[in-house]
Amino acid sequence: MAAAGVHSPAADAEYLAAHVLGVDRMRLALVPMVTADQLEEFRKLVARRAERVPLQHLTGTAAMGEIDLAVGPGVFIPRPETELLFAWALARLEVLGHEHQPVVVDLCTGSGALALAIAHARPDAQVHAVELDSEALAWARRNALQLADEGDTPIDLHHGDVTDPALLERLSGKVDIVVSNPPYIPESAVLDPEVADHDPHRALFGGPDGLSVIRPMIPNITRLLRPGGAVAIEHDDTNGSGVAALLTAAGYTAVLEHPDLAGKPRFVVAHRGTEL
Ligand SMILES: C[S@@+](CC[C@H](N)C(=O)[O-])C[C@H]1O[C@@H](n2cnc3c(N)ncnc32)[C@H](O)[C@@H]1O
C-alpha cells in the first residue's frame, strides 16, 4: 500500500537545509546565518519534496559504502538495503585474501553503485559492470569518471543485457564474485510516488513474478563464476525462497537467504561448487 505522505519529512527537511548551506546535516545547528536567497532555495526544495520528488533527485546524490554517486532522472536511486549486499561482497573479498587480483562483476549496475563502491573499497579488484539502459549507463559513466579522477581504480563498464548468453564471454570461468541488484518488483506492486514516478520502469519491475530478469541471468552467472566463486542477488521480499530454489536447481551450494535491516528476505548468496 502506498503511504499517504513523505515518510520522514523532518529528516528530509534537514538534509535539504544541509544541501543548501553546503554543510553536513549534523552541523546544521552550527551555521551562524542564513541568507534570504538560501531560505528561498530551501523553501522551493521543500515544496518539490512535498510533491514527492525523491530527496536524492533534489540533492543530486546517493551513497553506497564510502562513496557518493550522482543520481537524477533516468537512473535508479541506490537504496540503503543494498548496503548489506555490498558488505557481503567486501567480507567475501576478505576471505579470498589479497594474494591474487579478484575479479568482480556487477550485473544491472544502474548508477554504478555496487561496482564503484567495491572498486573504492578494494583497489586491487578488477571490477566489471553491466547495464542495458543507455540513460542509466550515462550516469554510471559519469560516476566512474569522477571516482577514477579522485584516484579510484577504474572499472570496466559494459553496455549489455545480463540475460544475453554471450555476455562477457572472455570472463567465462574467471569471476570470483558476482553481485546483482536487478529489477525485481512484481508488476502488480503498488509503489510510493517517489518510486513509481521517478525510478525508471526498467529498473524496477521483473515481470509478473519479479523473476523475469533473475531467472535468465542465472545461467550467465554460472558460466562466469570460477569453481568456488560466489554470487549475491537482491530480490523482492516475496521471492527469497524462489531465488534460493533457482540457484539450488542450477547446482549451487551453500545457498543462503539474507534479511534486510527490516528483517525482510532481501538477498540470496550461493557458491558455484564447493565453497572456497
Ligand atoms: C534496481 S536497479 C539497480 C541499480 C544498481 N545495481 C543499484 O543497486 O543501485 C536495476 C538496473 O538494472 C538495469 N537492467 C534492467 N534489465 C536489465 C538487463 N536485462 N540487462 C542489464 N541491465 C538491466 C536497469 O536499467 C537498472 O539500472
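**Ligand shell and salt bridges**

Me: Which residues are closest to the ligand, and how many surround it?
Reply: This is a predicted model, where local features need pLDDT of at least 70, side-chain atom pairs count only at pLDDT 80 or more, and totals for chains, interfaces and linings use all residues. Residues are numbered from 1 along each chain as its sequence is written, and side-chain values use heavy atoms, leaving out hydrogens and water. A residue is near the ligand if one of its heavy atoms lies within 4 Å of it. The closest are C108, E131, D161, V162 and N181, and the full count of surrounding residues is 18.

Me: What is the make-up of that shell by class?
Reply: Ala, Val, Leu, Ile, Met, Phe, Trp, Tyr, Cys and Pro go down as nonpolar, Asp, Glu, Lys and Arg as charged, and the others, Gly among them, as polar. On that split, the shell has five polar, four charged and nine nonpolar residues.

Me: Which ligand atom does the E131 side chain sit 2.6 Å from?
Reply: Polar contacts here are pairs of N or O atoms within 3.5 Å. C108 uses a polar backbone atom, 2.8 Å from a ligand nitrogen, and D161 puts a polar side-chain atom 2.8 Å from a nitrogen of the ligand. For E131, a polar side-chain atom is 2.6 Å from a ligand oxygen atom.

Me: How much of the ligand's accessible area does the protein cover?
Reply: Areas come from the Shrake-Rupley method with a 1.4 Å probe. On its own the ligand has 600 Å² of accessible area. The protein covers 96% of that.

Me: How many salt bridges does a search of the whole structure find?
Reply: The criterion is a side-chain nitrogen of Lys or Arg within 4 Å of a carboxyl oxygen of Asp or Glu. One of the pairs is R25 with E14, at 3.0 Å from N to O. Searching the whole structure gives 12.

Me: Where is R79, and is D199, its salt-bridge partner, buried or exposed?
Reply: The R79 and D199 side chains meet at 2.6 Å, N to O. R79 is in the loop between strand 2 (67-70) and helix 4 (82-96), with D199 120 residues apart in the loop between helix 7 and helix 8 (201-204). Buried means under 20% relative accessible area, exposed over 50%, partly exposed in between (1.4 Å probe, protein chains only). R79 has 19%, and D199, at 5%, is buried.

Me: Which residues are linked with E194 in a network of salt bridges?
Reply: E194 pairs with R49 at 2.9 Å, N to O. Both E194 and R49 are buried. The network links E194 with D12, R49 and R52.

Note on methods. Helix = DSSP H or I, 4+ residues; strand = E, 2+ residues; numbered from the N terminus. Polar contact = N/O pair within 3.5 Å; in protein donor to acceptor, adjacent residues only side chain to side chain.
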